[in-house]
Amino acid sequence: MKTLVLAGASTLALTAAAMAADKTLTISVYSFSQDEFKELVYDPFEEICGCEIVVETGNSIERLSKIEANKDAPVIDMAVLSTHDALGAARKGLLQPIDTSKLSNFDKLYDIAKDPLGDSMGVGYTFYATSIAYRSDKVTVESWADLLSPELAGNVALPDITTNQGPPALYMIGKALGDTDSSLTAPIDAVAEKADDIVTFYVRSSQLAQLMQQEEIWAAPVGRFAWGSFKDNGLPMAWAEPKEGQTGGMNVMVMTANNGNEDLALQFMDFWLSTEIQTALANALIDSPANAEVVVSDDIAANLTYGAETVDQLHLLDPATILDMRESWLEQWNAKVMK
Amino acid sequence: MFENRAIGLALVLPAAIFAAALFLLPVGILLSEAFRTDTGWSVSAYGEFFASSRNQTVFFRTLKLASLVAGVSAVVGYAAAFAIVNLPASSRGRMFGLVTLPLMISPVARTYAWLVILGRTGFVNKFLVDLGITDTPLRILFTETAVFIGLLQLFLPLMIISLVSAMENMPRDAVPAARILGANWLQVFWRVILPLTREGLVIGGTLVFTGSMTAYITPAILGGSKVLMLETLLYQRVTVANDFVSASVIAMILITMSFSANLLLKRLATARKSR
């Protein structure tokens, strides 16, 4: 017992010493591509700031509940989230506005990335287009409505309503059917009617790549970030440019409320938004740049959501709409499609 | 065993404290979520859960598939176990090894293999089309059939192992004696083998039923969101909706169903014995 107490005490002492010696920045991020992020973002920043970056990963729900649980004594200093999750956190009072005047790279961002949540609660650092990846030798996809066409019956997968791709894809199907109401009732009804013709409602885009490879499906709405796993699968693949346009999503950086580490967090955000880092992340095909000054080769651009023109044409769902309607969408979905 | 009972108790104590503090207590707290409401304790969460037609579908689908897998594996398992027990000792060991081999391969790998085998361009469909049984490949993936096949393959070995050990404990001459006395094979099975191996059947049945009901990977990969089972629904409630109340309700239902299945099977076994 005595040894245990001693061991505990010395661990505490060590931790305290480490904290006194160094500045620490704790960030909460998505778990994908962490090796690359460490190499391209975290390690170079640690050298500049002389601080230590502690990385927490997980899916949005896990990370959000952690931030909420430690609300009174924040552990996380900055986090990256989807726009609607970030807005949800802001509404719960878990975030504070970002002082964008201290971000030297702020003016370089595309306009839609500057203040997507309002009140400077978040700054967009990447976005992605969502369209339809399809087998060009089997079908031609020119409209979101083609997903429910007889040609694709039994050959199409749709994103589950619980995924980030689900609601935007349904919204675009609604648009193709001439109903853009945010209740999504028209598209959900349309999908419910054809539910037997949908192979599956996917939850992970990685799962989709295998289904396409095995020729289980010929088409599916998918985020551009996953395109790399389709285009080289040995089958004739195409990225649809539907007449209703493409949809997508944006991820934002947020600052937790009262974290006491605001200066370091701002410095890190600014670093991440810099042309140099955004270019490095784009060249590694990890995140499409939100910094409009980033220039990449055509090859790289073809795999990203890149360029002012592309960005202008994205039909993004309003984060407030997603947040307010999510429960009702899920209810309708469970009652009609999953019955 | 110990002269002083206190010594025995003292030896058990560390393990008991460990289990109570780190397993029973957290599980209890988690499950109590399902009975806690703003106004006090209540079972209303269960009413709400079963009020949804989707949840009812998921519940009955889980019950149906788990029972079906347990039933079919019992039938197949008796045949396989009977064959194995009657082999000469050397090949018996080999056969037994073959049966247990799949248990040493990760369920993830096994389930992924099914994803390829049952696919539209997979082995099963090639076979069916080549034989002219069907013109176009059948849709097997993401149906209850796929989940059933996956679960059966996953848990059949447990049933066979339980039945083989039960049959090995059967008196060697029981079956020949029944045959000499004029019983046909059906009577031999029903009145000799079954009563003498029911313990094995109870153990195997419970393992297969509980396993099928609580399996996550197989229904998640082979069924997907169109063929939700209680376990995949539980996961969805927690990770997507952050809804721990529904999740606790589902966990409670799963635990109750496991215990009930065990009790029911035991009851059936003893009912036959007392006759």
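**Exercise 1. The two domains of chain A**

Task: How far apart are the centres of domain 1 and domain 2 of chain A? Then describe the contact between these domains.

Solution.
- Step 1. Taken over C-alpha atoms, the centres of domain 1 of chain A and domain 2 of chain A are 30 Å apart. The model is a predicted one.
- Step 2. Domain 1 of chain A gives 13 residues to the contact, and domain 2 of chain A gives 13 residues.
- Step 3. On the domain 1 side, helix H4 (residues 83–91) of chain A supplies the largest share, 4 residues.
- Step 4. Sort that side by class: 5 residues are nonpolar, 8 are polar and none is charged.
- Step 5. Now place the bounds on the chain. The assignment puts 2–126 + 249–309 of chain A in domain 1 and 128–248 + 318–336 in domain 2.

**Exercise 2. A buried strand and its partner**

Task: Is strand E7 (residues 198–202) of chain A largely enclosed or not? Find the strand that pairs with E7(A).

Solution.
- Step 1. Count the buried residues: 5 of the 5 in E7(A). A residue is buried when 20 or more other C-beta atoms lie within 10 Å of its own.
- Step 2. E7(A) is therefore largely enclosed by the rest of the structure.
- Step 3. Strand E6 (residues 156–159) of chain A is joined to E7(A) by 3 bridges, and the two run parallel.
- Step 4. Take one bridge: Pro159(A) is partnered by Tyr202(A) in E7(A).

**Exercise 3. A second parallel pair**

Task: How many bridges join strand E1 (residues 23–29) of chain A to strand E2 (residues 51–57) of chain A?

Solution.
- Step 1. There are 7 bridges between E1(A) and E2(A), and these strands run parallel.
- Step 2. Locate one pair: Thr24(A) lies opposite Glu52(A) in E2(A).
- Step 3. Check burial. In E1(A), 5 of the 7 residues are buried, so this strand is largely enclosed by the rest of the structure.

**Exercise 4. Two crossing helices**

Task: At what angle do helix H6 (residues 166–176) and helix H7 (residues 185–193) of chain A cross? Name the residues that meet.

Solution.
- Step 1. The axes come within 8 Å and cross at roughly 95 degrees.
- Step 2. Angles of 65 to 115 degrees count as roughly perpendicular. H6(A) and H7(A) are therefore roughly perpendicular to each other.
- Step 3. From H6(A), Leu170(A), Ile173(A) and Gly174(A) take part. They meet Ala186(A), Pro187(A), Ile188(A) and Ala190(A) of H7(A).
- Step 4. By class, this contact of H6(A) with H7(A) holds 6 nonpolar residues, 1 polar and no charged.

**Exercise 5. Positive phi outside glycine**

Task: Where do Glu215(A) and Leu285(A) sit? Buried, partly exposed or exposed: which applies to Glu215(A) and to Leu285(A)?

Solution.
- Step 1. Glu215(A) is not a glycine, yet its phi is positive, about 60 degrees.
- Step 2. Glu215(A) lies in the loop between helix H8 (205–213) and strand E8 (219–223) of chain A.
- Step 3. Within 10 Å, Glu215(A) has 16 other C-beta atoms, so it is partly exposed.
- Step 4. Leu285(A) also has a positive phi, near 55 degrees. Its loop runs between helix H11 (275–283) and helix H12 (298–301) of chain A.
- Step 5. Leu285(A) has 16 C-beta neighbours inside 10 Å and so counts as partly exposed.

**Exercise 6. Chain A against chain B**

Task: How many residues does each chain bring to the contact between chain A and chain B?

Solution.
- Step 1. Chain A brings 17 residues and chain B brings 16 residues.
- Step 2. On the chain A side, helix H3 (60–69), E7 and helix H14 (319–336) each give two or more residues.
- Step 3. E7(A) gives the largest share of that side, 3 residues. This strand is the one from Exercise 2, with 5 of its 5 residues buried.
- Step 4. The chain A side divides into 6 nonpolar, 7 polar and 4 charged residues.

**Exercise 7. The build of chain B**

Task: How many helices and strands does chain B have? Where are its domains?

Solution.
- Step 1. Chain B has 12 helices and 2 strands. Their order along the sequence is α-β-β-α-α-α-α-α-α-α-α-α-α-α.
- Step 2. The C-alpha trace of chain B spans about 75 × 70 × 35 Å along its principal axes.
- Step 3. Of the 275 residues in chain B, 32% are buried.
- Step 4. Domain 1 of chain B covers 1–42, and domain 2 covers 44–274. Their C-alpha centres are 31 Å apart.
- Step 5. In chain B, 6 residues of domain 1 touch 8 residues of domain 2. The domain 1 side has 3 nonpolar, 2 polar and 1 charged.

Conventions. Residues are numbered from 1 along each chain as its sequence is written. Chains are lettered from A and ligands numbered from 1 in the order in which they are written. This is a predicted model: local features need pLDDT of at least 70, side-chain atom pairs count only at pLDDT 80 or more; totals for chains, interfaces and linings use all residues. Domain bounds come from an automatic or database domain assignment. Two residues are in contact if their C-beta atoms, placed from the backbone, lie within 7 Å. Ala, Val, Leu, Ile, Met, Phe, Trp, Tyr, Cys and Pro count as nonpolar, Asp, Glu, Lys and Arg as charged, and the others, Gly among them, as polar. A residue is buried if 20 or more other C-beta atoms lie within 10 Å of its own, exposed if 12 or fewer, and partly exposed in between; C-beta atoms are placed from the backbone. Two strands pair if DSSP finds at least two bridges between them. Axes are lines fitted to C-alpha atoms, for helices over the stretch in contact, and angles run from 0 to 180 degrees between N-to-C directions. Angles under 35 degrees count as roughly parallel, over 145 as roughly antiparallel, 65 to 115 as roughly perpendicular and the rest as oblique.
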